[in-house]
Amino acid sequence: MIFSIACLLLLLFSGCCLGEDYGYEGNHGPSHWGDSYNTCIGKHQSPINIEEHNVKNISLPSLKLVGIDNPCSSFVTNNGHTVVLKTNDSKAATLYGGPLGNNIYVFEQLHFHWGENDREGSEDLINNHSFPMEMHAVFYKEDYKSMDEALKHHDGLTVLAYLYEVNPKPNPVYESIIEVLPDVEAVGKEKTLKEPLLLERLLVPDITTMQNYFTYNGSLTTPPCLEIVTWIDFKTHQQLSHEQLAAFRDLRTPEGNKLTHNFRPVQPLEDRIVFHNIPKEQNEVLKNDNDPSHEHSGQHSIKMPCSIIALGILFAVVLFAM
Ligand SMILES: *[C@@H]1O[C@H](CO)[C@@H](O)[C@H](O)[C@H]1NC(C)=O
Ligand SMILES: *[C@@H]1O[C@H](CO)[C@@H](O)[C@H](O)[C@H]1NC(C)=O
Ligand SMILES: *[C@@H]1O[C@H](CO)[C@@H](O)[C@H](O)[C@H]1NC(C)=O
Ligand SMILES: *[C@@H]1O[C@H](CO)[C@@H](O)[C@H](O)[C@H]1NC(C)=O
Ligand SMILES: [Zn+2]
């Protein structure tokens, strides 16, 4: 009797350890993911270390985000691996342009990766440098109608990645998310944000730097690590205070421990090329100013504010006068 109970427990236990779940520690950790998910042992895995001296400069058409300027009800969930934010909006935000060309991608969710302290936590590294946090905004290809279907295709997903650095001042844009984190400390907990969220503030913190990004083809950074993601990593870093970062480390894992870190180590680049998009500023400004249709609501392309151009002209005049 005792023997059979022991067997049953062993069976349950091994079931849970043999790949139904993954973590960031011990025998659930990233170096073991390949044991249960053979798709995690690929040649185009993410994250990677981006060596700035080793990227290829290109100038792609503008990356455009549509429908992100309406405040929408949204909620966060602790899924045991990270905190996920989704919106209740029936009309989801969409993304196209840049490396995506005319293919439209639909916003699904955004989530975060962080580390035990402020010196590490990002997934992609830049020149071997780790950042304390990275946000991923996940979009699936509209043609595939759903996230589940998109996962079956090599061009199924695109992810916008944002890197953070520590700033003495808290960033007000993230307050509405951070203030509900204590309500979702336990795995499976869900909480609606107190105020409607303006996705624009998170996804386009600064329109003038939006076209400056790295892009490469890679994978999901969590099992099953499918190699179906066009990565777009913005070059400009966002700011969070130490206290804001620390709030994420209080979330719990399925075992009830603190989720102190949830980033996968970098994977080999292999035969891939990382591109650096260099915005064609001058051309864009001229084109946009001649195009009366460029002010579609919620649609973003880079535009240099007139004041900057005026300042430039003034500067040139002053220089000339001297
Ligand atoms: C790529 O662009 C960067 C930034 O504009 C520049 O510093 C670098 O020299 C360029 N690299 C090449 C190979 O042209
Ligand atoms: C949004 O959707 C979530 C999950 O479906 C639900 O729990 C929540 O009540 C919804 N909130 C609103 C304001 O509709
Ligand atoms: C990053 O680390 C690798 C391996 O240690 C090294 O070969 C490379 O030169 C480093 N890159 C930079 C930019 O420091
Ligand atoms: C990335 O993948 C897309 C589609 O899957 C392909 O069209 C594109 O050429 C790839 N880009 C690179 C740099 O390999
Ligand atoms: Zn992620």
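Start by selecting M133, A137, F139, L157 and V159: they have the most contacts inside the largest nonpolar core, a set of 62 residues. Next, colour strand 10, residues 157-166, which supplies the largest share of this core with seven residues. As background, nonpolar side chains in soluble globular proteins tend to be buried together. Keep in mind throughout that this is a predicted model.

Stay in the core and centre the view on F139. Which residues does F139 touch, leaving aside those up to four places away in sequence? They are L95, Y105, V106, F107, E108, L157 and T158. Of these contacts, L157 is also among the residues with the most contacts inside the core, and strand 10 begins at residue 157. Y105, V106, F107 and E108 lie in the range of strand 7, residues 105-114, a strand that returns below.

Now select strand 5, residues 83-87, and show its side chains. Which of them are buried, and which are not? The side chains alternate along the strand: V83, L85 and T87 point to one face and are buried. V84 and K86 point to the other face and are not buried.

Add strand 4, residues 74-78. Strand 4 pairs with strand 5 in the antiparallel sense, over five bridges. To find the register, pick V76 in strand 4, which stands opposite L85, one of the buried residues of strand 5. Then follow the chain through the hairpin, where four residues separate the two strands. Among the residues of this hairpin, G80 has a positive phi near 90°.

Strand 7 is the next selection. Strand 7 runs antiparallel to strand 5, and two bridges join them. Label V84 and H111 here: H111 in strand 7 is the bridge partner of V84, whose side chain is on the face of strand 5 that is not buried.

Move on to the ligands. Around ligand 2, select S73, F75, N88, E190 and T192. By class, this shell holds one nonpolar, three polar and one charged residue. F75 falls within the range of strand 4. Around ligand 4, select H154, D155, N217 and I273. The shell of ligand 4 divides into one nonpolar, two polar and one charged residue.

Finish by colouring by pLDDT. The mean for the protein is 87, and 81% of its residues reach 70 or more. Residues 5-19 have pLDDT below 50, and this stretch has seven contacts in the model beyond near neighbours in sequence. Over residues 285-314 pLDDT also stays under 50, and the model has 32 contacts beyond four places in sequence for them.

How values were computed:
Residues numbered from 1 in each chain as written. Chains lettered and ligands numbered in written order. Predicted model: local features only at pLDDT ≥ 70, side-chain atom pairs only at ≥ 80, totals over all residues. Core = buried A, V, L, I, M, F, W, Y, C linked by C-beta atoms within 7 Å. Buried ≥ 20, exposed ≤ 12 C-beta atoms within 10 Å, placed from the backbone. Contact = placed C-beta atoms within 7 Å. Pairing = 2+ DSSP bridges. pLDDT = per-residue confidence, 0-100. Near = placed C-beta within 6 Å. Nonpolar A, V, L, I, M, F, W, Y, C, P; charged D, E, K, R; others polar.
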